[in-house]
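Trainee: I've got a model open and I'd like to learn how to read its contacts, strands and helices. Can we walk through it together?

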Amino acid sequence: MAAIFSFKLPVTITKQGKRFVAYSPALDISTSGKSKKDAQKRFEELVALFLEEIVERGTLPDVLSELGWRKAQKKWSPPRVVSSKHLGIRIPAFV
């Protein structure tokens, strides 16, 4: 029986044209779908594949550590989101 890997993952879903894009900086992966629900479902499948791949390669600790995850008492935790907002940015235009 496989162990269950359970955690809360910060995911942002945006609309880009006719597609919905699901992205998580905690794993630095994204996917898209025709609807918000479709993008979320596809993202969950992608997370499972991503984690399966790094476990099979034996690189789970290295990859998660590189992405800012922490391991405490045999449990991995993703980086904590401390702020999520839109910033107004002004830069000189280089034409």
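Mentor: Sure. Let's start with a term: two residues are in contact when heavy atoms lie within 4.5 Å. Keep in mind that this is a predicted model.

Trainee: Okay, let's try that on one residue. Which residues is threonine 31 in contact with, leaving aside its neighbours within four places in sequence?

Mentor: Threonine 31 touches Phe20, Val21, Ala22, Ala39, Arg42, Phe43 and Leu46, once those sequence neighbours are left aside. The residue itself belongs to strand E3.

Trainee: And is threonine 31 buried or exposed?

Mentor: The cut-off for buried is under 20% relative accessible area. Threonine 31 has 16%, so it counts as buried.

Trainee: Now the strands. In which sense do E1 and E2 pair, and over how many bridges?

Mentor: E1 (residues 12-16) and E2 (residues 19-24) run antiparallel, with 5 bridges. To get the register, look for residues that face each other: threonine 14 is opposite valine 21 in E2. This hairpin leaves 2 residues between the strands, and glycine 17 there has a positive phi near 70°.

Trainee: What about E2 and E3?

Mentor: That pairing is antiparallel too, over 5 bridges, with E3 spanning residues 29-33. Here tyrosine 23 sits opposite serine 30. The hairpin has 4 residues between its strands, and aspartate 28 in the turn shows a positive phi of about 55°.

Trainee: On to the helix. How do I read its sides?

Mentor: Check which residues are buried, then see where they point. H1 covers residues 36-56 and reaches 30 Å from first C-alpha to last, close to the 30 Å expected at 1.5 Å a residue. Its buried residues include Ala39, Phe43, Val47, Leu51 and Ile54. They span an arc of only 105° around the axis, so they are on the same side of H1. Lys37, Lys41, Leu49 and Glu56 are exposed on the other side.

Trainee: What do the buried residues of H1 pack against?

Mentor: They pack against E2, E3 and helix H2 (60-66). After H1 comes glycine 58, with a positive phi near 75°.

Trainee: Last one: which residues have the most contacts inside the largest nonpolar core?

Mentor: Leu27, Val47, Leu60, Leu64 and Trp69, in a core of 14 residues. E2, H1 and H2 are the elements that each give two or more residues to this core, and H1 gives the most, with 5. For tryptophan 69, contacts beyond four places in sequence include Phe5, Phe7, Leu27, Leu64 and Trp76.

Notes
Residues are numbered from 1 along each chain as its sequence is written. This is a predicted model: local features need pLDDT of at least 70, side-chain atom pairs count only at pLDDT 80 or more; totals for chains, interfaces and linings use all residues. Side-chain values use heavy atoms; hydrogens and water are left out. Two strands pair if DSSP finds at least two bridges between them. Buried means under 20% relative accessible area, exposed over 50%, partly exposed in between (1.4 Å probe, protein chains only). The expected span of a helix is 1.5 Å times one less than its number of residues. The arc is that of the directions from the helix axis to the C-beta atoms. A nonpolar core is a set of buried Ala, Val, Leu, Ile, Met, Phe, Trp, Tyr and Cys residues joined through side-chain atoms within 4.5 Å.
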